[in-house]
2 protein chains.
Amino acid sequence: MVTIKDIAKEAKVSVTTVSRALNGYSDVNEETRKRIMEVAKRLNYSPNTLARSLVMKKSKTIGLLVSNLTREGTKDNFTYEVLCGINDAVSRFEYDLIFFSTTSSKQSEKTYTQLCRERRVEGVIIMGIKTNDPYLQEVVESDIPCVLIDIPIVSKTVGNVTTDNLLGAKEAVKHLLKLNHRTIGMINGHNEAFVSQERLKGYKEALAEFGISYNEDLVENGQFTEEDAYKAAVRLLSKHPEMTALFCASDIMALGVIQAAKDLGKNLPVDLSIVGYDDIILSSYVTPSLTTIRQNKYLLGEEAAKLLIDMLDGKTKPYSKVLDTELVIRNSTTACLDQ
Amino acid sequence: MVTIKDIAKEAKVSVTTVSRALNGYSDVNEETRKRIMEVAKRLNYSPNTLARSLVMKKSKTIGLLVSNLTREGTKDNFTYEVLCGINDAVSRFEYDLIFFSTTSSKQSEKTYTQLCRERRVEGVIIMGIKTNDPYLQEVVESDIPCVLIDIPIVSKTVGNVTTDNLLGAKEAVKHLLKLNHRTIGMINGHNEAFVSQERLKGYKEALAEFGISYNEDLVENGQFTEEDAYKAAVRLLSKHPEMTALFCASDIMALGVIQAAKDLGKNLPVDLSIVGYDDIILSSYVTPSLTTIRQNKYLLGEEAAKLLIDMLDGKTKPYSKVLDTELVIRNSTTACLDQ
DNA sequence: GTGAAAGCGCTAACAC
DNA sequence: GTGTTAGCGCTTTCAC
């Protein structure tokens, strides 16, 4: 492998000059620069970023920690789309992305800080992590710049990007309320997700605005999975036949709910209106097509990467960026005719 | 940042001994080792892989070149699932994955070899690349170990993993032939994909087996997109009203074909049987649900990573691995009643 | 069993 | 404008 030493020898200059010429410093004679460039090209030289990073203490890499890069994420295109956004932004700024392959078993062996320091990443983007993940505590205490996706923590080194989950959920439920529904259930995710907490708040606020008191009996957790949501829906609908609408904290869960309702002999959407959350591809393909709250997942990733890079460049202190959501009305919701 | 030098000082030994102790060499006194380990832990030491890689000339990283990590890939969960497989396998073998963020504009500035050498990756996995991509030629000539996904090239340093596209397509078309269809069209991808060439061969072979001569007028390219496939289907179905079945080289395209057929007033599947390829999630959700050829995308990624790592470990020479496909029969195909 | 010393490929004072 | 030198953090002969 050819090094700057080889170039130096060939061009009859010192390695310093080669380094300076290659890095575009101004204090190099135009002629020598040209000669050096020519030699570098002829020898097919590639700089060794490992060596450079070692001395500069800058690796130009961003770590990516995805705790749910699993086949379950396939239906839900969430992770993938966020990834696209991150990748596009990161590449625009000449950083490379290193994928930390972390399984829960490995987490116990290696701490978050170790993971990052070993690879000398300059910053980290984290997604899909639960609020009770042991890494999270470390992230906050660590001095490694980091941007969290969907976890509203801000510290000296930690920023985050998320969508407005409270408002999104509120809008979803208000949509149902405006359609005259008065007994509205909710299938939430799980308690270890900030988004679930926020979406529950939104649900409550919407009800309150319409003078309806909150009944915790109408809310169940579906663990963000189709199967659990199916079961939760069956329980909820059996126990509360008066329920005319259900708000689900994710489209995947709404899929399970739709199936449950069908299996219970419900005629959708007349017997039951359903609103999802996310706007995944499948939403427009299920029958009935799903009314939902759209999150711009690509933008979520892009903004996360941009925020992190701005932090790394010292252009900004960490902060919390909240993106808008949008109600998408399809065929799974209709006016309530009861009473 | 604490280094082995700090540990050496603290433990009152030389850096050599620290290095040996930390790396589990046998020729270190048990007591010294224990002391060193204890100090390392107390100082919260993390090894610097950059420095290690520099001297060892092994980076324990695998490059990932994905040329279509775009939002268009969202519908099609292909890239995502392959990625999951790669990630799982790679993490099992203690490698990390580095994502080369390559846009076509960047490709012209930096050659494939440069990209790899700069980061000193030990090997590369490439997917989504077209057969006319300028990088491909380089890949073959380069001495960097590489595994291609869905491109059947083998060289001294290049292996590949793919599914049996010829057989898959053949099975798809034979399924239609057995249902008594005799005028079967095909919407293929584009000529710059090996899989398209193979699937076309499979289509031809199936027809030949049933004594039907190939008519190129019944085949159009749909560029692997829903929109182009829609247009191609409209053209094909208008020009050939006698056509009773269509084989599509991807499910995404089949989605477009279904829409086209509906828009032309066709009653599916009675008026037109459709077979797709891939078995994406949407396939079971569209109406009618799609008969298709299933590819195990996760396995594709997993096998690619395993092959590459085996090559890196010198356990095997590069070779071509072909995975099986499976016909999944749903509601978009039915017996032909014509004649 | 342990240490001194060289070197991986690069950048950056500092001198000239 | 260019070269000398030191050093980034680590591994690895080689000698003791």
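These are my notebook entries on a predicted model of two protein chains with DNA strands C and D.

**Entry: how the two chains relate**

I started with the chains themselves. Two copies of a chain are related by a rotation about an axis and a shift along it. Here I found that a turn of 180° with a shift of 0.0 Å along the axis lays chain A on chain B, with an RMSD of 0.1 Å. That is the relation of a two-fold axis.

Which residue of chain A comes closest to the rotation axis? I looked it up: A:Ile98, with its C-alpha at 2.2 Å.

Then I checked the interface. Of the interface residues of chain A, 100% are also interface residues in chain B, so the copies meet through the same surface.

**Entry: around DNA strand C**

Next I went to the DNA. I get 25 residues surrounding strand C, and the closest are A:Thr3, A:Ser19, A:Ala51, B:Asn29 and B:Val55. The elements giving two or more residues to this surface are helix 2 (15-22) and helix 4 (49-56) of chain A, along with helix 2 (15-22) and helix 4 (49-56) of chain B. Helix 4 of chain A gives the most, with 5 residues. I sorted the surface near strand C by class and got 13 nonpolar, 10 polar and 2 charged residues.

**Entry: around DNA strand D**

I repeated the lookup for the other strand. There are 26 residues around strand D, and A:Asn29, A:Val55, B:Thr3, B:Ser19 and B:Ala51 come nearest. Helix 2 and helix 4 of chain A and helix 2 and helix 4 of chain B are the elements that give two or more residues to the surface near strand D. Which helix gives the most to it? Helix 4 of chain B does, with 5 residues. By class I have 13 nonpolar, 10 polar and 3 charged residues near strand D.

**Entry: helix 1 of chain A**

Last, I looked at how helix 1 sits in chain A. In this helix, residues 4-11, I found A:Ile4, A:Ile7 and A:Ala11 buried. Looking down the axis of helix 1 of chain A, I see its buried residues fall within an arc of 55°, so they line one face of the helix. For background, an α-helix has 3.6 residues a turn, so residues three or four places apart point the same way.

What do the buried residues of helix 1 of chain A pack against? I noted helix 2 and helix 3 (30-42) of chain A. I also followed the backbone onward: just after helix 1 of chain A, A:Lys12 takes a positive phi of about 55°.

Notes: Residues are numbered from 1 along each chain as its sequence is written. Chains are lettered from A and ligands numbered from 1 in the order in which they are written. This is a predicted model: local features need pLDDT of at least 70, side-chain atom pairs count only at pLDDT 80 or more; totals for chains, interfaces and linings use all residues. A residue is near a molecule or strand if its C-beta atom, placed from the backbone, lies within 6 Å of it. Helices (H or I, at least four residues) and strands (E, at least two) are DSSP runs, numbered from the N terminus. Ala, Val, Leu, Ile, Met, Phe, Trp, Tyr, Cys and Pro count as nonpolar, Asp, Glu, Lys and Arg as charged, and the others, Gly among them, as polar. A residue is buried if 20 or more other C-beta atoms lie within 10 Å of its own, exposed if 12 or fewer, and partly exposed in between; C-beta atoms are placed from the backbone. The arc is that of the directions from the helix axis to the C-beta atoms. Two residues are in contact if their C-beta atoms, placed from the backbone, lie within 7 Å. Copies are superposed by least squares on the C-alpha atoms of residues with pLDDT of at least 70 in both.
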